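Grab a pencil and work through a few exercises on empty space and packing. Try each task yourself before reading its solution.

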Amino acid sequence: MLTTLLHGFLTGLGLIVAIGPQNALVLKQGLLRRHVGLAIGCCAGADILLIASGALSLGPWLSRHASWLLGMNLVAAMVLFLYGLLAWRRVFFPAALEASRSGISSRMALVMQLAGVTLLNPHVYLDTWVLLGGMTAGLPLPLQPWFSGGAMLASLVWFLALGQGARYLAPVLARPAAWRVIDAMIAVIMWWLAWRLGYEVWDDPLLT
């Protein structure tokens, strides 16, 4: 069970740690010490709800349709491999995560902006519903909550670290060299997950 939890945690972490407007916004609010808890709660809460909805809707449906589950796992393996390639490419063309000094003072404005950069991003549904939902469905029923829980924990840990540790993380994340290391680690994690999922698909009784 702890192995499955770690598997879910690493998968979730590999998907969420990236340079983007959502992470930059949380980092900015953390630096300014303004509505930090709200920013963390909105981002982690949205991820948790999306992961849960994927596990509880797409997951059970795929569990009852073995051929669809096999196809979904094959797609997930290919997407994870592609994510690894993209992360590896960023190693050679690194960017930086920088937060501007102009924060959002209104709670409602912060919620609306976070909702926009989170829910209007099509990749969030691919990650939470298709990838995590499909990978959850491929596990035995007793292990499914552990995998989903690990992915949820990764989101909570990342946004807590980003918001509460902003003054320490900001100088590090603003250095492209740091993102070389981070993206290299993400690439390895994505490729390892893709290989593991691809091996399970290859070993599936439906293919033998």
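A cavity is a set of grid points where a 1.4 Å probe fits but cannot get out, and its lining residues have an atom within 4 Å of a point. Keep in mind that the model you're looking at is predicted.

**Exercise 1. Find which residues line the largest cavity, and sort them by class.**

Step 1: The structure holds one cavity of 30 Å³ or more. The volume of the largest cavity is about 60 Å³.

Step 2: Look around that space and you'll meet His-7, Asn-73, Met-135, Gly-138, Leu-139, Phe-147, Leu-197 and Glu-200.

Step 3: Sorting this lining gives four nonpolar residues, three polar and one charged.

**Exercise 2. Describe the largest pocket: its volume, its lining and the helix that gives the most to it.**

Step 1: Start with the volume, which is about 700 Å³ for the largest pocket. Its lining has 29 residues, and Leu-15, Ile-16, Ala-18, Asn-121 and Asp-127 are the closest to the centre.

Step 2: Now trace the helices. Those that each supply at least two residues of this lining include H1 (2–16), H5 (107–119) and H6 (122–137). The most comes from H6, with five residues.

Step 3: Split the lining by class, and you get 16 nonpolar, ten polar and three charged residues.

**Exercise 3. Do the same for the second largest pocket.**

Step 1: This pocket holds about 240 Å³ of space. Of its 14 lining residues, Leu-13, Val-17, Trp-158, Ile-182 and Met-185 lie closest to the centre.

Step 2: H1, H7, H8 (166–173) and H9 each put in at least two lining residues, and H9 gives the most, with four.

Step 3: By class, 13 residues of this lining are nonpolar, one is polar and none is charged.

**Exercise 4. Classify the ring pair of Trp-88 and Trp-191, then the pair of Trp-195 and Tyr-199.**

Step 1: The count comes to five aromatic pairs. In one of them, the ring centres of Trp-88 and Trp-191 are 6.0 Å apart and the planes are at 45°, so this pair is tilted.

Step 2: Where do these partners sit? Trp-88 is in helix H4 and Trp-191 in helix H9, 103 residues apart, so to speak of distant parts of the chain is fair. Trp-88 is partly exposed, with a relative accessible area of 36%, and Trp-191 is partly exposed at 26%.

Step 3: For Trp-195 and Tyr-199, the centres are 5.8 Å apart and the planes at 20°, so that pair is stacked. Being four residues apart in helix H9, these two are separated by about one helical turn.

Step 4: Check exposure here too. Trp-195 counts as exposed at 58% relative accessibility, while Tyr-199, at 48%, counts as partly exposed.

Step 5: Finally, look for a group. Phe-81, Trp-88, Phe-92 and Trp-191 form one aromatic cluster.

**Exercise 5. Find the residues with the most contacts inside the largest nonpolar core, then list the contacts of Leu-80.**

Step 1: The largest nonpolar core has 44 residues, and the ones with the most contacts inside it are Leu-80, Leu-131, Trp-158, Phe-159 and Met-190. H9 gives the most to this core, with eight residues.

Step 2: Leave aside the neighbours of Leu-80 within four places in sequence. Leu-80 is then in contact with Leu-131, Met-135, Met-190, Leu-193, Ala-194 and Leu-197.

Step 3: Compare with Exercise 1: Met-135 and Leu-197 are also among the residues that line the largest cavity.

How values were computed:
Residues are numbered from 1 along each chain as its sequence is written. This is a predicted model: local features need pLDDT of at least 70, side-chain atom pairs count only at pLDDT 80 or more; totals for chains, interfaces and linings use all residues. Side-chain values use heavy atoms; hydrogens and water are left out. On a 1 Å grid over the protein atoms alone, a cavity is a set of points where a 1.4 Å probe fits but cannot get out, and a pocket is an open set with protein on both sides within 12 Å along at least five of seven lines; lining residues have an atom within 4 Å of a point. Grid points are joined across faces, edges and corners, and a volume is the space filled by probe spheres set on the points. Ala, Val, Leu, Ile, Met, Phe, Trp, Tyr, Cys and Pro count as nonpolar, Asp, Glu, Lys and Arg as charged, and the others, Gly among them, as polar. Rings of Phe, Tyr and Trp (its six-membered ring) pair if their centres lie within 6.5 Å; planes under 30 degrees apart count as stacked, over 60 as edge-to-face and the rest as tilted. Buried means under 20% relative accessible area, exposed over 50%, partly exposed in between (1.4 Å probe, protein chains only). A nonpolar core is a set of buried Ala, Val, Leu, Ile, Met, Phe, Trp, Tyr and Cys residues joined through side-chain atoms within 4.5 Å. Contact means heavy atoms within 4.5 Å.
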